Amino acid sequence: MLLTQFISESTEALSQIYPLAEARGIILMLCQETLGVRSYTHIIEPQTAIPDDKLPELIQLRERLLASEPIQYVLGFCEFCGRRFAVGPGVLIPRPETEELVSAAVGHLLSLSQPVRVLDLCTGSGCIAWSIAQELPSSAVVGVDISPEALSIARSQFKIENSPEFISADVLKTDNIPMWEKFDVIVSNPPYIMDQEKSQMRSNVLDYEPSLALFVPDDDPLLFYRAIASWSVKLLKDSGVGFVEINEHLAEETALVFQQAGFEDTYIINDVFSKNRIVRFARKS
Ligand SMILES: C[S@@+](CC[C@H](N)C(=O)[O-])C[C@H]1O[C@@H](n2cnc3c(N)ncnc32)[C@H](O)[C@@H]1O
């Protein structure tokens, strides 16, 4: 089969699930990764054929996409902060907006004398922890999660000298916070999507990504932030700073959680789309 035919047929089929441009991007990515072609090979070399021994695999992977499985699970990786992170069922696919949390934290950490200590609560794939560790090679980074699947993937991401340590713990159990050496920065992207927001979400997320990583009850959507504030009260140095990704619709309320926990210097940071995305908190300015 010609590559161009596979791309146009597959794009049309996938556009039943995704907007056309997104469907095309997904199919081009599938072809790039499985065939080693460029995104434009089918245009500049329209006679390019898919090798017979590759076609069955390609069709099988396309079937998974047509069943709404995210391309990142189908390929087994996701790009984040310029690096490839392994992902799979049971682990949240890192989102582009979380890169802004990493930038804010790294920007602050670079202004401190090194080495620094960083805690990442609800670490998932470890994308935040590993990105910070790689930007600051003398840093000591600790990631915490409750999910065995997430911790297993997080531990296996890279091999570097200052690999983060990944620890199993329930962040919501605030009567049992470990007595670790204090941290310069605490970061977190906890579950924050309200159950009522599910109706606006697509099946590639709802049917495949772990609910544990995404959702919080409508009647208590800030429970993770209260817990993170408690961990921060105990484990952040006096001069320490916290950065949490937030539900854009609950920015003021989230900032208030940290103010009520005693963090006076608390403010909201917008993302590139001018949406409320991060709350930064510290004891004093
Ligand atoms: C929104 S995901 C964030 C994952 C990753 N930090 C990222 O930005 O892609 C939230 C993570 O919180 C973890 N989690 C959920 N409940 C938890 C709990 N009670 N204690 C610790 N981690 C929890 C989930 O397993 C999931 O990995």
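## Charges over aromatic rings

The charged end of Arg84 is placed over the ring of Phe77, at 3.8 Å from the ring centre. This arrangement, like the others described here, comes from a predicted model. A second arginine, Arg117, lies over the face of Phe183, with 4.4 Å to the centre of that ring.

Phe183 itself is buried, because its relative accessible area is 0% and the limit for a buried residue is under 20%.

## Aromatic pairs around Trp180

The structure contains eight aromatic pairs. One of them joins Trp180 to Phe183 in an edge-to-face geometry, with 6.5 Å from centre to centre and 80° between the planes. Phe183 thus appears both in this ring pair and beneath Arg117.

Trp180 also pairs with Trp231; this pair is tilted, with centres 6.1 Å apart and planes at 55°. Distant parts of the chain are linked by the contact, the two residues being 51 residues apart. Trp180 belongs to the loop between strand S5 (165-168) and strand S6 (183-188), whereas Trp231 is in helix H11 (residues 223-235).

## Accessibility of the paired residues

Which class of exposure does Trp180 fall into? Trp180 counts as partly exposed because its relative accessibility is 24%, and values between 20% and 50% define that class. Its partner Trp231 is buried, with a relative accessible area of 1%, as is Phe183, at 0%.

## A cluster of rings

Ring pairs also connect five named residues into a cluster: Phe80, Phe85, Trp130, Phe158 and Phe166.

Methods:
Residues numbered from 1 in each chain as written. Predicted model: local features only at pLDDT ≥ 70, side-chain atom pairs only at ≥ 80, totals over all residues. Heavy atoms only, no water. Phe/Tyr/Trp six-rings, centres within 6.5 Å; stacked < 30°, edge-to-face > 60°. Buried < 20%, exposed > 50% of the residue type's maximum accessible area, 1.4 Å probe, protein only. Helix = DSSP H or I, 4+ residues; strand = E, 2+ residues; numbered from the N terminus. Lys NZ or Arg CZ within 6 Å of the ring centre and 35° of its normal.
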